[in-house]
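Take a walk through this model, from the whole chain down to single residues. Keep the 3D view open as you read.

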Amino acid sequence: MKHLVLLGAGHAHVHLLSTLAAQPMASVKITLVAPFGRQLYSGMVPGFVAGHYALEDCVIPLPPLLANTCIEWLQRSAEGLDATSRTLTLDNGSTLGFDVLSVNSGPVQDRLKIEQVMPGAREHALFVRPIEAFGALWPQVVTLSQSRPLRVAVIGGGAAGIELACAVAHRLENSSVTLLTGDTPLAANYPLTVQWRIARALKSRNITVIRESACGIAAGEISLGSGAKLACDVPLLATGAQAPGWLLDSGLALDQQGFIAVDEFQRSTSHPAVFAAGDVSTRVDRQLARSGVYAVRAGPPLAKNLRAVLAGVAPTRYTPQEKTLNLLSLGDKSAVASWGNYSAQGRWVWWFKNHIDHGFIRRYGRPAS
Ligand SMILES: Cc1cc2nc3c(=O)[nH]c(=O)nc-3n(C[C@H](O)[C@H](O)[C@H](O)COP(=O)(O)OP(=O)(O)OC[C@H]3O[C@@H](n4cnc5c(N)ncnc54)[C@H](O)[C@@H]3O)c2cc1C
């Protein structure tokens, strides 16, 4: 019997898990390593921050996906991998061997690295990842804001930072919100028309945008690259995510940022028994932008290819879509949509996003028995 280990219950694995009760894999023992009993869908987190959703609306519980399957679930995190000897080390020090490993454990906010460039961040900042921890801490900020107005600074001018700044401004009406975008322009990865829409939206929500980096955080203030200080009660860290540090000694081929390099079959370019999908991986031939959309779409082809290799059949190529529909919420039940250079904005875009997001939760959150 072959042993398939699924590491992390990210978007792609959630899809695979949803298929295993109806279509079990013959002669394959499956172990899932996942630290939480649910997957918190990050696409809905800004809506949770804004107060449109309860946290429970945004989660896919794992137990219903595992019911009627023979999957063994280890409620643990991986802390080490030796891809050559095919061994995972878990956070309790135990080891787990595998014949085939599939990694969908997402990116991390590496506290050690961030602390080096932003001393004080570990003690004072509210990190968005792990997203479960952020989900548990955000209600405390809301409670605090009921006793006094807060000065919130969102650090990170990418999609997550923009959505969170808008969501915070909507939720904490009596508080002030600043968005620190670092050296890069606001929403640098988006076309100009989208950048203009976002800049207008932030202005109309009284969100101050400062094109500076945070280089230190202390109680009550953030030090900026120019030497200025920004008074701040809640520094919310939404800077880009990093590759998990435990991959470094794994022996796997990694890209320049330390993410797993995979081929067109979502397979490690150095160790064919290791597959990887979602934000923990990078297609070396295309340098695909990591995004949740990609993470969701990677599920069906990953499931198909894992089934194939475990049955001794050749896997099939997966060509991700180059252009995807991007939906960015603006806090107040309005959103911006973009598709290549085309963009649109309004409440209808938010309803459309809301419909898609709920559809995702419905599809995987309540699997057919
Ligand atoms: C606030 C916010 C909003 C966002 N909104 C959007 C959006 O609207 N659209 C979009 O496309 N993208 C969005 N993103 C980006 C999106 O979160 C990521 O691209 C997406 O989550 C990546 O999916 P994934 O399946 O690779 O990993 P994840 O969703 O991070 O899932 C990884 C899973 O693995 C588990 N795990 C982690 N480490 C380990 C370990 N060591 N061992 C075992 N398990 C582990 C985690 O607990 C988690 O369950 C947003 C991000 C943020 C922070």
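Of the 369 residues of the protein chain, 52% count as buried. Keep in mind that this is a predicted model. The overall dimensions come next. Along its principal axes the C-alpha trace spans about 60 × 45 × 40 Å. The radius of gyration is 21 Å, and a compact globule with 369 residues would have a value near 21 Å, so the two agree. The chain exposes about 16,500 Å², and carbon and sulfur atoms supply 53% of that area.

Now the internal wiring. The protein chain holds eleven helices and 23 strands. Take the contacts with a separation of 6 or more: residues 24 or more positions apart account for 64% of them. Charge can be summarised too. There are 33 positive and 26 negative charges, and their mean positions are 8 Å apart.

How is the chain divided into domains? The domain assignment gives domain 1 as 2-35 + 75-107 + 243-323, and domain 2 as 111-241 + 326-354. The contact between them takes four residues from domain 1 and four residues from domain 2. The centres of the two domains, taken over C-alpha atoms, are separated by 30 Å.

Start the local tour at helix H1, residues 11-20. Is H1 enclosed or open? Nine of its ten residues are buried, so the helix is largely enclosed by the rest of the structure. The buried residues are His-11, Ala-12, His-13, Val-14, His-15, Leu-16, Leu-17, Thr-19 and Leu-20.

Past H1 comes a loop that leads to strand E2 (28-33), and Gln-23 lies in that loop. Gln-23 has a relative accessible area of 45%; it is partly exposed because buried means under 20% and exposed means over 50%. Gln-23 and Thr-69 are 46 residues apart along the chain, yet their C-alpha atoms are separated by 9.4 Å.

Two backbone positions with positive phi come next. Most residues other than glycine have a negative phi. Asn-68 departs from that pattern, with phi near 65°. Asn-68 sits in the loop between helix H3 (63-66) and strand E5 (72-74). The relative accessible area of Asn-68 is 62%, so this residue counts as exposed. Lys-333 also has a positive phi, near 60°. The loop that holds Lys-333 runs between strand E21 (326-329) and strand E22 (335-339). At 26% relative accessibility, Lys-333 is partly exposed.

The peptide bonds offer another point of interest. Most peptide bonds are trans. Which bond here is cis? A cis peptide bond joins Arg-129 and Pro-130, with omega about -5°. Pro-130 lies in the loop between strand E10 (126-127) and helix H6 (131-145).

Follow H6 to its far end. Leu-150 is in the loop between H6 and strand E11 (151-155). Is Leu-150 buried or exposed? Its relative accessibility is 1%, so Leu-150 counts as buried. Setting aside residues up to four places away in sequence, Leu-150 touches Val-141, Leu-144, Ser-145, Leu-172, Ser-175, Ser-176, Asp-233 and Val-234. One of these partners deserves a second look. Val-234 is 84 residues from Leu-150 along the chain, and the C-alpha atoms of the pair are separated by 7.3 Å.

Thr-178 is the next stop, in strand E12 (residues 176-180). Thr-178 has 11% relative accessibility, which is under the 20% cut-off, so this residue counts as buried. What does Thr-178 touch beyond residues up to four places away in sequence? The list is Val-152, Ala-153, Val-154, Thr-208, Ile-210 and Leu-230.

Finish at helix H11 (residues 347-365), where Asp-357 is found. The relative accessible area of Asp-357 is 5%, so this acidic side chain's residue is buried. Leaving aside neighbours within four places in sequence, Asp-357 is in contact with Tyr-41, Gly-43 and Met-44.

Notes: Residues are numbered from 1 along each chain as its sequence is written. This is a predicted model: local features need pLDDT of at least 70, side-chain atom pairs count only at pLDDT 80 or more; totals for chains, interfaces and linings use all residues. Side-chain values use heavy atoms; hydrogens and water are left out. Buried means under 20% relative accessible area, exposed over 50%, partly exposed in between (1.4 Å probe, protein chains only). Helices (H or I, at least four residues) and strands (E, at least two) are DSSP runs, numbered from the N terminus. The radius of gyration is taken over C-alpha atoms; the globule rule is 2.2 Å times the number of residues to the power 0.38. Contact means heavy atoms within 4.5 Å. Accessible areas come from the Shrake-Rupley method with a 1.4 Å probe; for residues, only the protein chains shown count as cover. Lys and Arg count as positive and Asp and Glu as negative; His and the chain ends are not counted. The place of a charge is taken as NZ of Lys, CZ of Arg, CG of Asp or CD of Glu. Domain bounds come from an automatic or database domain assignment.
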